[in-house]
Amino acid sequence: MVTKETDERFMRRCIQIARNGLLKAKPNPSVGAVIVDAGGRIIGEGYTSAFGGPHAEVNAFASVRPEDETLLPGATIYVSLEPCSHWGKTPPCCDLIIRKGVHRVVCGCVDPYAKVQGRGIKRIREAGIEVTVGILEKECIESNKRFFVFNTHRRPYILLKWAQSADGFIDDHCRPARFSTPFTQMLTHKLRAENDAILVGRTTVERDNPQLTVREWTGRDPLRIVLTHDKTVAEAFGRSLGEGWKVFGDIDETLDWLYNNGRQSLIVEGGAATINSFIARGLWDEIRVETAPKIVGDGTKAPKIPDGAVEKCRDVFDGNSIAYYKRLINLSFRKNG
């Protein structure tokens, strides 16, 4: 007998294995798929390959042993995101599911991409296969939050990040100060590897000369962006920075370029005026604040956590605390499924 608890257990497994494709699947979402026979045994698993390669459903069916193929008519396939219904670099996954003739499909959430948005679910149902939608929906959306924001708000997912002293300053008497530990710096580089672009203000570049790379982690460096409102010097300033950097004159220009060039996520790392300009516009989805147990007495005040930010959790590393805040927005497309 199928229960909600059973569905949630296998959907959690989908979310878990989807993390394996997080870095290489971009700009595709990283999806997990699990095939379970009528007796509750997992007979196949897969996650999204590197961009251009097979999707999670294809890899899951490919992992089924030949002797278990006869179990597919009674099986259920769990997928953390609605199976695609269009031709891209690979064929539609909904057609594969229909050909395999499984008994049931369970989707965590509906795909917000304009070419899908419930069409995969519709085609599978029209083929006579039972489809359940919305199992661990919030968790499935969270696992592909960048993809969802990009396709629903037509802008990159925006993460604001800063480090501060215990008395709320981001520098020491307006001079650069290091508040991160070697371990939390490594976490910062991990975060950079997971996102497409990183932005700082011109003053931060001139004063701190940041590298903004992933040198303490594995992965690609994000595109490095400098925001300067002085457009008369922007072009020359951009040439002086070299390859891997871009300079923009305002926030709208920046976000439009990122969206039109398929960059799904942006870290805004400083300084205070730059971060506050995003907060003032309501342009943020997540905030991470690292606080060191250090008193500096004076300097540039750290940005204020905006209204509507909900603290998810707080971790402590080497004496430094990192608070994680989330903006509560509804990204569900379940009504279309």
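The following paragraphs describe the overall dimensions, a parallel strand pair, the internal cavity and several backbone features of a predicted model.

The protein chain folds into 11 helices and 13 strands. Along its principal axes, the C-alpha trace spans about 70 × 40 × 35 Å. The radius of gyration of the protein chain is 22 Å, in agreement with the value near 20 Å that a compact globule of 337 residues would have. Of the 337 residues in the protein chain, 52% are buried. As one example of a separation within the chain, the C-alpha atoms of Asn261 and Ile129 are 37 Å apart in space, while the two residues are 132 residues apart in sequence. Asn261 belongs to the loop that lies between α10 (251–260) and β10, and with a relative accessible area of 41% this residue is classed as partly exposed, because the buried class ends at 20% and the exposed class begins over 50%.

Among the strands, β4 (residues 104–107) and β5 (residues 130–133) run parallel and are joined by four bridges. One of the residues involved is Arg104, whose bridge partner in β5 is Glu130. Between the two strands the chain passes through helix α4 (residues 119–126), and the resulting β-α-β crossover is right-handed.

A search of the whole structure for cavities of 30 Å³ or more returned one, and the volume of this largest cavity is about 100 Å³. Its lining includes Leu22 as well as the residues Lys26, Pro27, Asn28, Pro29 and Ser30, together with Ser143, Asn144, Lys145, Arg146, Phe147 and Gln264. Helix α6 (residues 145–153) makes the greatest contribution to the lining of the largest cavity, providing three residues. When the lining of the largest cavity is divided by class, four residues are nonpolar, five are polar and three are charged.

Two of the residues that line the largest cavity, Lys26 and Pro27, are also joined to each other by a cis peptide bond, for which omega is about 5°. Pro27 is located in the loop between α1 (4–18) and β1 (32–36). A cis peptide bond is also present from Gly270 to Gly271, where omega is near -5°; Gly271 is placed in the loop between β10 (265–270) and α11 (272–280). Such bonds merit mention because most peptide bonds are trans, just as most residues other than glycine have a negative phi.

Positive phi values in residues other than glycine are found at Asn209, where phi is near 50°, and at Asp318, where phi is about 55°. Asn209 lies in the loop that connects α8 (202–208) with β8 (223–227), and Asp318 is found in the loop between β12 (309–317) and β13 (320–327). With regard to accessibility, Asn209 has a relative accessible area of 61% and is therefore exposed, since this value is over 50%. Asp318, for which the relative accessible area is 56%, is likewise exposed by the cut-off of over 50%.

Notes: Residues are numbered from 1 along each chain as its sequence is written. This is a predicted model: local features need pLDDT of at least 70, side-chain atom pairs count only at pLDDT 80 or more; totals for chains, interfaces and linings use all residues. Side-chain values use heavy atoms; hydrogens and water are left out. On a 1 Å grid over the protein atoms alone, a cavity is a set of points where a 1.4 Å probe fits but cannot get out, and a pocket is an open set with protein on both sides within 12 Å along at least five of seven lines; lining residues have an atom within 4 Å of a point. Grid points are joined across faces, edges and corners, and a volume is the space filled by probe spheres set on the points. Ala, Val, Leu, Ile, Met, Phe, Trp, Tyr, Cys and Pro count as nonpolar, Asp, Glu, Lys and Arg as charged, and the others, Gly among them, as polar. Buried means under 20% relative accessible area, exposed over 50%, partly exposed in between (1.4 Å probe, protein chains only). Two strands pair if DSSP finds at least two bridges between them. A crossover is right-handed if, with the strands pointing away from the viewer, the path from the first strand over the helix to the second runs clockwise. The radius of gyration is taken over C-alpha atoms; the globule rule is 2.2 Å times the number of residues to the power 0.38.
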